[in-house]
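Student: I have a structure in front of me and would like to know what stands behind the words used for it. Can we go through them one at a time?

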Amino acid sequence: MTDRIALFPGSFDPFTKGHEDIVLRGLNLFDKIIVGIGHNSNKKRYFSLEAMQGLIEKTFESFPQVSVVTYDDLTANMARSLGARFLVRGLRNTTDFEYENSISQVNRHVYPDVETVFLITSPHLAPISSTIIRELHKYGHNVNQYLPYQLSEVTI
């Protein structure tokens, strides 16, 4: 039997406790989860890609079934190249669902063997978003309570 490999794609700018929760809960469903930090040509990163990759790797250093990659391609193509038959995504609200549903349809068109699995965000983490964290940080607020690492470890 082949391993159930899932790709968890996103820009993760930054990677939050909500993202960590999705990975940890996903380990109950999948043998391996690959956190894929994608390049989004429509976004300028706030936190460096290299720093974020290192922090995510450190977050899951005691979980050998979790790995981290960066990519600059369609998510479906990346999943295929990694042998991932599943994409895992977190949903905080109906707005997330509308957006993610459209993307999942396109991914399935590009890679017919991929299934998208949606996990509902744990209620206490639902208000957390990378966008809000970036904005708070930009204006000098401490955001470490929302992150699975200390932000002092990150270079912008």
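The questions below concern a predicted model.

Student: What makes this protein as compact as a globular protein of its length?
Tutor: Start with the elements, which run β-α-β-α-β-α-β-α-β-α from the N terminus. The radius of gyration is 15 Å, close to the 15 Å that the globule rule gives for 156 residues, so the protein is as compact as a globular protein of that length. Along the principal axes, its C-alpha atoms fill a box of roughly 45 × 35 × 30 Å.

Student: What share of the residues is called buried, and by which cut-off?
Tutor: Buried means under 20% relative accessible area. Of the 156 residues, 41% count as buried.

Student: Why are Phe-8 and Val-35 called members of a nonpolar core?
Tutor: Such a core is a set of buried residues of listed types, Val and Phe among them, joined through side-chain atoms within 4.5 Å. The largest core has 28 residues, and Phe-8, Phe-15, Val-23, Val-35 and Ile-56 touch the most other members. Strand S1 (5–10) and helix H1 (17–26) are among the elements that give two or more residues to this core. Its largest share, four residues, comes from H2.

Student: Which residues does Val-23 touch, leaving out those up to four places away in sequence?
Tutor: Val-23 touches Phe-8, Phe-15, Ile-33, Val-35, Phe-60 and Val-66. A second, separate core of eleven residues includes Leu-7, Tyr-71, Ala-84 and Leu-87.

Student: How far apart in sequence are the contacting residues?
Tutor: Among contacts between residues at least 6 apart, 77% join residues at least 24 apart.

Note on methods. Residues are numbered from 1 along each chain as its sequence is written. This is a predicted model: local features need pLDDT of at least 70, side-chain atom pairs count only at pLDDT 80 or more; totals for chains, interfaces and linings use all residues. Side-chain values use heavy atoms; hydrogens and water are left out. The radius of gyration is taken over C-alpha atoms; the globule rule is 2.2 Å times the number of residues to the power 0.38. Buried means under 20% relative accessible area, exposed over 50%, partly exposed in between (1.4 Å probe, protein chains only). Contact means heavy atoms within 4.5 Å.
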